[in-house]
Amino acid sequence: MEIQVYRLRHALEVVGPAVPTRHLTLPVLSNVLFTRGKLVATNLAIAVSVELREAQDSSFLAPYKALKETLAYIPGRHIITIQPEKSLVRIVDNGIAIELDCVGANADHYPPIPAVDTEPA
């Protein structure tokens, strides 16, 4: 998946309030889910998703805090490549690769997010 750093930073800011700082029972919740054109986060009380067209190809998890902290050091105009690999997420920028370890790396273990009807009643 290729995405401009600025767009990803903005999407992470939007879903950030739904990412718990600690969840001892479900550590998978410390991740964000890239899936079907969306970036999703939940703490089981609330769920937030934001449209992210770049995330069309596959479903994978990325560690929220580590991803956000890493993006702080990459200029916003850069286009990065994010490559999910088993329990790692690799970020590539100008030939430099950064690997982030992902707790509960399987996207299938992420809690299901109910669909919301956005059509007016």
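Which residues does V48 touch, not counting residues up to four places away in sequence? I shall open with that question, and then turn to the chain as a whole. Please bear in mind throughout that this is a predicted model.

V48 is found in strand β4. Its contacts beyond the excluded sequence neighbours are V14, V15, A18, L39, V40 and A41. Of these, L39 is the residue that serves as bridge partner of F34, and we shall return to that pair shortly. V48 is partly exposed, because its relative accessible area is 21%, and the threshold for a buried residue is under 20%. There is also a relation to a remote part of the sequence: V48 and I113 are 65 residues apart along the chain, and their C-alpha atoms are separated by 9.1 Å.

Let me now place this strand in the overall architecture. The chain contains two helices and eight strands. Followed along the sequence, these elements occur in the pattern β-α-β-β-β-β-α-β-β-β. The C-alpha atoms fill a box of roughly 45 × 35 × 25 Å along the principal axes. For 121 residues, a compact globule would be expected to have a radius of gyration near 14 Å, and the chain agrees with this, having 14 Å.

Some further totals complete that overview. Of the 121 residues, 39% count as buried. The accessible surface of the chain comes to about 7,400 Å², and carbon and sulfur atoms account for 53% of that surface. If we consider contacts between residues at least 6 apart in sequence, 61% of them join residues at least 24 apart.

I turn next to the sheet. Strands of a sheet pair through backbone hydrogen bonds, either parallel or antiparallel. Here, four strands form an open sheet in the order β4-β3-β2-β5, and the pairing is antiparallel. The edge strands are β4 and β5, each of which pairs on one side only. On average, neighbouring strands in this sheet are turned by 25° against each other, with direction ignored.

Within the sheet, strand β2, residues 31-35, pairs with β5 in the antiparallel sense over four bridges. In that pairing, N31 stands opposite P63 of β5. Strand β2 is also joined to strand β3, residues 38-42, by three bridges, and these two strands likewise run antiparallel. This is where F34 has L39 in β3 as its bridge partner.

Which way do the side chains of β5 point? F60 and A62 point one way from the strand, while L61 and P63 point the other way, and all are buried.

The two helices each lie across part of this sheet. Helix α1 lies across β2, β3 and β4, and runs at about 155° to β4. Helix α2, by contrast, lies across β2 and β5, at about 65° to β5.

Finally, I come to the charged pairs. How many salt bridges does the count come to? The count comes to five salt bridges, and I shall describe several of them.

E54 and R7 meet through their side chains in a salt bridge, at 2.9 Å from N to O. E54 lies in the loop between β4 (47-51) and β5 (60-63), whereas R7 belongs to helix α1 (residues 5-15), so the pair ties together parts that are 47 residues apart in sequence. E54 is partly exposed at a relative accessible area of 21%, and R7 is partly exposed at 28%.

K68 forms a salt bridge with E13, with 3.1 Å between the closest N and O atoms. This pair links distant parts of the chain: K68 is in helix α2 (residues 64-71) and E13 is in helix α1, 55 residues apart. K68 counts as partly exposed, at 33% relative accessibility, and E13 is partly exposed as well, with a relative accessible area of 48%.

The side chains of E85 and R90 also meet in a salt bridge, at 2.7 Å from N to O. Both partners are partly exposed: the relative accessibility is 32% for E85 and 21% for R90. This pair belongs to a network of salt bridges that links E85, R90 and E99.

To close, I return to the opening residue. V48 of strand β4 touches V14, V15, A18, L39, V40 and A41, once residues up to four places away in sequence are set aside. Thank you for your attention.

Terms used
Residues are numbered from 1 along each chain as its sequence is written. This is a predicted model: local features need pLDDT of at least 70, side-chain atom pairs count only at pLDDT 80 or more; totals for chains, interfaces and linings use all residues. Side-chain values use heavy atoms; hydrogens and water are left out. A salt bridge is a side-chain nitrogen of Lys or Arg within 4 Å of a carboxyl oxygen of Asp or Glu. Buried means under 20% relative accessible area, exposed over 50%, partly exposed in between (1.4 Å probe, protein chains only). Two strands pair if DSSP finds at least two bridges between them. Axes are lines fitted to C-alpha atoms, for helices over the stretch in contact, and angles run from 0 to 180 degrees between N-to-C directions. Contact means heavy atoms within 4.5 Å. The radius of gyration is taken over C-alpha atoms; the globule rule is 2.2 Å times the number of residues to the power 0.38. Accessible areas come from the Shrake-Rupley method with a 1.4 Å probe; for residues, only the protein chains shown count as cover.
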